Amino acid sequence: SSFLGQRSALNAALQKSICAHATGLLKEMKRRRSLLSSLSRSCRDHVSSRLRSNASKERKDEKLRLKLLKSNDIEAYRAMLGERKDKRLRDLIDRTGEYMDGISSMLSASRDSGAAA
């Protein structure tokens, strides 16, 4: 009888210990879930903020590019393209410049041959 009483007390203590441990694990899981949720929200907000910022910068750059084109300020336009690192537009401007130089040299050669005749 004494042995059974000790055994039931030991079982009760073991059950109490297991329940306390389970409660601790649940609290830790909730804490981690909350932390993960907070970090996820923070990352999402940071990414969306960067996307909005980049979109805003692109709109401003586009407005500046159009303004420079309308004002025929080619040097400032080329400088802006150099800063933007937009390879496609830089290549296009460089090729256009080469074509314009070629046309200019052809016109001056044509004028020179017409003046000599």
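# Close-up views of a predicted model

**View 1. Methionine 100 sits in helix H3, which covers residues 87-116.** The model shown in this and every other view is predicted. Start with the side chain of Met100 and then look for Ile103 and Leu107: these three residues make a nonpolar surface patch of about 300 Å². Is methionine 100 buried or exposed? Its relative accessible area is 52%, so methionine 100 counts as exposed, the cut-off for that word being over 50%.

**View 2. Helix H1 takes in residues 2-70.** How many residues does helix H1 have? There are 69 of them, and the helix reaches 101 Å from its first C-alpha to its last. That span is close to the 102 Å expected at 1.5 Å a residue. Several residues in the later views belong to this helix, including Ser17, Asp61 and Arg65. While you are here, look for Asp61, Arg65 and Leu68, which are buried residues of H1.

**View 3. Serine 17 belongs to helix H1, and alanine 76 is 59 residues away from this serine in sequence.** What is the distance in space between serine 17 and alanine 76? From C-alpha to C-alpha, the two are 76 Å apart. Serine 17 has a relative accessibility of 44%, so this residue counts as partly exposed.

**View 4. Arginine 32 and glutamate 28 form a salt bridge.** The closest N and O atoms of this pair are 3.0 Å apart. Why are the two residues separated by about one helical turn? Arginine 32 and glutamate 28 are four residues apart in helix H1, and therefore about one helical turn lies between them. As for cover, arginine 32 counts as exposed at 55% relative accessibility, whereas glutamate 28 counts as partly exposed at 29%. Now bring Arg31 into the view as well: Glu28, Arg31 and Arg32 are linked in a network of salt bridges. In general, side chains of opposite charge can pair when their charged atoms come close.

**View 5. Aspartate 45 and arginine 44 are partners in a salt bridge.** Their closest N and O atoms are 3.2 Å apart. Which word fits each partner, exposed or partly exposed? Arginine 44 has a relative accessible area of 52% and is exposed. Aspartate 45, at 41% relative accessibility, counts as partly exposed. If you would like to keep a tally as you go through the views, the structure holds five salt bridges.

**View 6. Glutamate 62 and arginine 65 meet through their side chains in a salt bridge.** The N to O distance is 2.7 Å. The side chains of arginine 65 and glutamate 62 are also joined by a polar contact of 2.7 Å. These two residues are three residues apart in helix H1, so about one helical turn separates them. Their surroundings can be read from their accessibility: glutamate 62 is partly exposed, with a relative accessible area of 31%, while arginine 65 counts as buried at 14%.

**View 7. Arginine 65, a residue of helix H1, is in contact with residues further along the chain.** Which residues does arginine 65 contact, leaving aside its neighbours within four places in sequence? They are Tyr77, Met80, Arg84 and Leu89. Arginine 65 counts as buried because its relative accessibility is 14%, and buried means under 20%.

**View 8. Aspartate 61 is another residue of helix H1.** At 16% relative accessibility, aspartate 61 counts as buried. Once its neighbours within four places in sequence are set aside, aspartate 61 is in contact with Met80 and Arg84. You have met this pair already, since Met80 and Arg84 are among the contacts of arginine 65.

**View 9. Asparagine 72 lies in the loop between H1 and helix H2, the latter being residues 74-84.** Where does this asparagine come relative to H1? Asparagine 72 comes just after H1 and takes a positive phi of about 60 degrees. Here the positive value belongs to a residue other than glycine. Asparagine 72 has a relative accessible area of 60%, so this loop residue is exposed.

Key
Residues are numbered from 1 along each chain as its sequence is written. This is a predicted model: local features need pLDDT of at least 70, side-chain atom pairs count only at pLDDT 80 or more; totals for chains, interfaces and linings use all residues. Side-chain values use heavy atoms; hydrogens and water are left out. Patches are made of residues with over 30% relative accessible area and no salt bridge: like charges are joined within 9 Å, nonpolar side chains (Val, Leu, Ile, Met, Phe, Trp, Tyr) within 5 Å. Accessible areas come from the Shrake-Rupley method with a 1.4 Å probe; for residues, only the protein chains shown count as cover. A salt bridge is a side-chain nitrogen of Lys or Arg within 4 Å of a carboxyl oxygen of Asp or Glu. Buried means under 20% relative accessible area, exposed over 50%, partly exposed in between (1.4 Å probe, protein chains only). The expected span of a helix is 1.5 Å times one less than its number of residues. A polar contact is a pair of N or O atoms within 3.5 Å; within protein, one must be able to donate a hydrogen and the other to accept it, and residues adjacent in sequence count only if both atoms are side-chain atoms. Contact means heavy atoms within 4.5 Å.
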